[in-house]
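I am opening a notebook on this structure and will write down what I look up, entry by entry.

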Amino acid sequence: MVLGQLASRALLRSRTSAHRHILRRAIVSTPDLHNSEPAVAAAPEPDLPPRKPVAGARVHFPNPDDAIEVFVDGYPVKIPKGMTVLQACVVAGVDIPRFCYHDRLSIAGNCRMCLVEVEKSPKPVASCAMPALPGMKIKTDTPIAKKAREGVMEFLLMNHPLDCPICDQGGECDLQDQSMAFGSDRGRFTEMKRSVVDKNLGPCVRFATEVAGVQDLGILGRGSGEEIGTYVEKLMTSELSGNVIDICPVGALTSKPFAFKARNWELKGTETIDVTDAVGSNIRIDSRGPEVMRIVPRLNEDINEEWISDKTRFFYDGLKRQRLNDPMIRGADGRFKVVSWRDALAVVAEVIHKNKPEEIVGVAGKLSDAESMIALKDFLNKMGSNNIWCEGNGPNPNADLRSGYIMNTSISGLEKADAFLLIGTQPRVEAAMVNARIQKTVRATNAKVGYVGPPADFNYDHEHLGTGPETLTELAEGRHPFNSALSNAKNPAIILGAGIFERKDKEAIFSVVETIAKKINAVRPDWNGLNVLLLNAAQSAALDLGLVPESEKSIESAKFLYLMGADDLNLEKLPEDAFVVYQGHHGDRGVYRANVILPASAFSEKEGTYANTEGCAQTTVPAVPTVGDARDDWKIIRALSEVAGVTLPYGSLGAIRSRIKTVAPNLLLADEREPAVFSSSDLRPEVKEKMDKAPFGTAVENFYMTDAITRASKIMAQCSALLKK
Amino acid sequence: MASTVKYVRVPPPSANIAEARKRVFEFFKTACRSIPTIMEIYTLDDVVTPTKLRSTITSEFRKNAHVTNPQVIDMLLIKGTEELSNIVEHAKQRHHIIGQYVLSREDSNQETKDEGTSDFLKSFYKGNYV
């Protein structure tokens, strides 16, 4: 807005006569800012109204003796030694304008926007880079500080193109906001403005190297010729690259799929969670009408801090492609025919009654919420079958002990670890946010990382110990060179990939890993370093709810298969004459074999509970309406149960949750992590079978395409095509 | 055509129930005979069949089966004639016909089937947000 005014002024200036020009030029900033003598130190008044820290910032004193007192605008604040002036101001409740400073990144001090006046200092100081000293008197509201900000603003806008009206950052631009709040009302720049290419302050570069761990983004050139770019026409191959969009205070780096699609003031933000992996990153879905326009991260220190993976950020276009919108029945000619819900449910109910209970099988998909999974289990149990499981959990999951399938250390707890042993897992593609934590820890403390599995790409230093279970045997027997690193570690963390669930020798591997854990003392009352990293959003809740199949060969003998969003199931062994019902939101792999399709709503359209890999239950919030004639998953099963004559005893979300409470009360503690009570090693029966010699496989082949929604996304398809090149 | 309808004269009142009954049958036949025209001008072929339309007309008649007063029957006949002429003259639009005589019928037909089902199932069939 301001820039628009500047633009019109710039035009006006060029037209007016030189005489008037001079007159206009004379007024530069607010007149009272011209007397640049330092403000006279006003004695701190004793009865100042108390101020609250900005955004509820908390101060953590690692050592109480190190507390120092500084004065911010006359208010005394106690802060630990080593804090910067800017942090002291935040604690004192003064928000200092800044561009280049970011809490989670290293300090650059190159934007100079955070200049404040410090008593007895000849010049204003850059508060983000200046350590606070005892008794320092900081003034943030004096004419000098104001004038400094105005000056910086003018310099920044000097080389800024006049394209605010067409810039994607419009409305949520730090530069725009701060020029409104702190800038002068006019500039002294008379030359021709350049267009488009932007000047940069560099938080993105620091993000790329510090959080994402890639060196692809850099600053090219110096001074006004400085530009951000990828070195040599190269792709930024990080799974966290999208975060540079959020971090960039101006519109230099914007989301390509979102470019010119919407303005931020026409969007409705819905705070929900992500389901594309087992991390459950906190996200905000920005929607306009019935359409999801973009996905941005939300702060959650325990899970994703303030980053999200690129898959989470850009998969949303899959939500509007390939959707199932009407109930359908496959006719005799093999084509699907649209029918009403009444007819579809009647057909399914009729067929299910014709089958023997043991031939009825139900499979919940990767993206299923806890409510629909418990409904499916209750429904099939009422039909007499107990062959229900969740895909990804393998043929014989161990749901008895919660510590055997969740991340016991917790995601934020990984920061305390000083040695990692990754077994059959590539966290970079399986759970990018967990990988970011490991990367952060490795960067901060030089923690050792050992990896057992197929050759994989890591963005931090690691030792490749081996590819198969024999390496585990060596580690368990203490013969491996990496043993010393593990036993010397104070808090060793073992992370086991969920890909192992699919192996036949799963139990044997688990028991060997437990031996290793015992040997390196990874499981103690104060530290539980034995973790499982799950792959899908539904897995943890499914195991909590006890979705365990009765027989391992249920698919081979199934005559009635109920797929609740399950697309990655191998249906080759399914008998030809089996009747398949597919309930889900995307016409993906499961649909090819289906006889009846029941359209359901996606995670962005329903309220559902998901538990992430560390066992933290979170709920999604509907952001957009459902597509076509689709219904929520649990409602479909509830309706079907009534048509089939075995009505489930709940008719609302509240009632279904009280049912969940009787099975897995931890799923109702929203946003709280419920740690596992027992450690599994002592309670597990002894394993007799031997480990297979086969090396560990890759659990996620393509980071960008792991489920029905991401497979339907055009952007994800482009990403994976680019990555393969 | 519109002008002819404008000056349609209101017929003299029926003397007794038998005459009223005869007029009702006449009107029913007229209505049924206009079904092909209606199907054509509103292009209803892909949403409804003539049979279904005919049963819709029948159900409209049967709604008033209990009426015995010839004067009331005359009044209903006049209203019916007006509605029919509006339809035949294309004074209505396609969605009016579909909404009034096609879709609403389906629902009412189904609702009789739904008897004995729970409120949950009824609202489930109506939509996701009911």
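The entries below go from the domains of chain A to one of its strands, then to chain B and the contact between the chains.

**Entry 1: domains of chain A.** I note at the start that this is a predicted model. I looked up how chain A is divided, and I found domain 1 (59-141), domain 2 (351-399 + 539-671) and domain 3 (407-533). Domain 2 of chain A is thus written as two segments, 351-399 and 539-671. For domain 2 and domain 3 of chain A, I read a distance of 32 Å between the C-alpha centres. Seven residues of domain 2 of chain A and nine residues of domain 3 of chain A take part in their contact. I sorted the domain 2 side by class and have one nonpolar, five polar and one charged residues.

**Entry 2: strand E3 of chain A.** Are the faces of strand E3 (residues 115-118) of chain A covered or not? I found that both are covered. A:Leu115 and A:Glu117 are buried on one side, and A:Val116 and A:Val118 are buried on the other. I kept a general remark beside this: side chains in a regular strand alternate between the two faces of the sheet.

**Entry 3: partners of E3(A).** I then looked for the strands that pair with E3(A). Strand E4 (residues 125-126) of chain A is one of them, antiparallel to E3(A) and joined to it over two bridges. Here A:Val116 has A:Val125 of E4(A) as its bridge partner. I checked the hairpin of E3(A) and E4(A) and found six residues between the strands, with A:Lys120 at a positive phi near 70°. Strand E5 (residues 137-139) of chain A also pairs with E3(A) in the antiparallel sense, over two bridges. In E5(A), A:Lys139 stands opposite A:Glu117, a residue I had already listed as buried.

**Entry 4: chain B.** Which elements does chain B have? I found seven helices and zero strands, so to write the order from the N terminus I put down α-α-α-α-α-α-α. Chain B has 130 residues, and 11% of them are buried. Of the contacts in chain B with a separation of 6 or more, 70% are between residues 24 or more positions apart.

**Entry 5: chain A against chain B.** I looked up the contact last and found 12 residues from chain A and eight residues from chain B in it. On the side of chain A, helix H9 (341-354) and helix H18 (633-643) each supply at least two residues. H18(A) gives the largest share, four residues. By class, I have three nonpolar, three polar and six charged residues on this side of chain A.

Methods:
Residues numbered from 1 in each chain as written. Chains lettered and ligands numbered in written order. Predicted model: local features only at pLDDT ≥ 70, side-chain atom pairs only at ≥ 80, totals over all residues. Contact = placed C-beta atoms within 7 Å. Nonpolar A, V, L, I, M, F, W, Y, C, P; charged D, E, K, R; others polar. Buried ≥ 20, exposed ≤ 12 C-beta atoms within 10 Å, placed from the backbone. Pairing = 2+ DSSP bridges. Domains from an automatic or database assignment.
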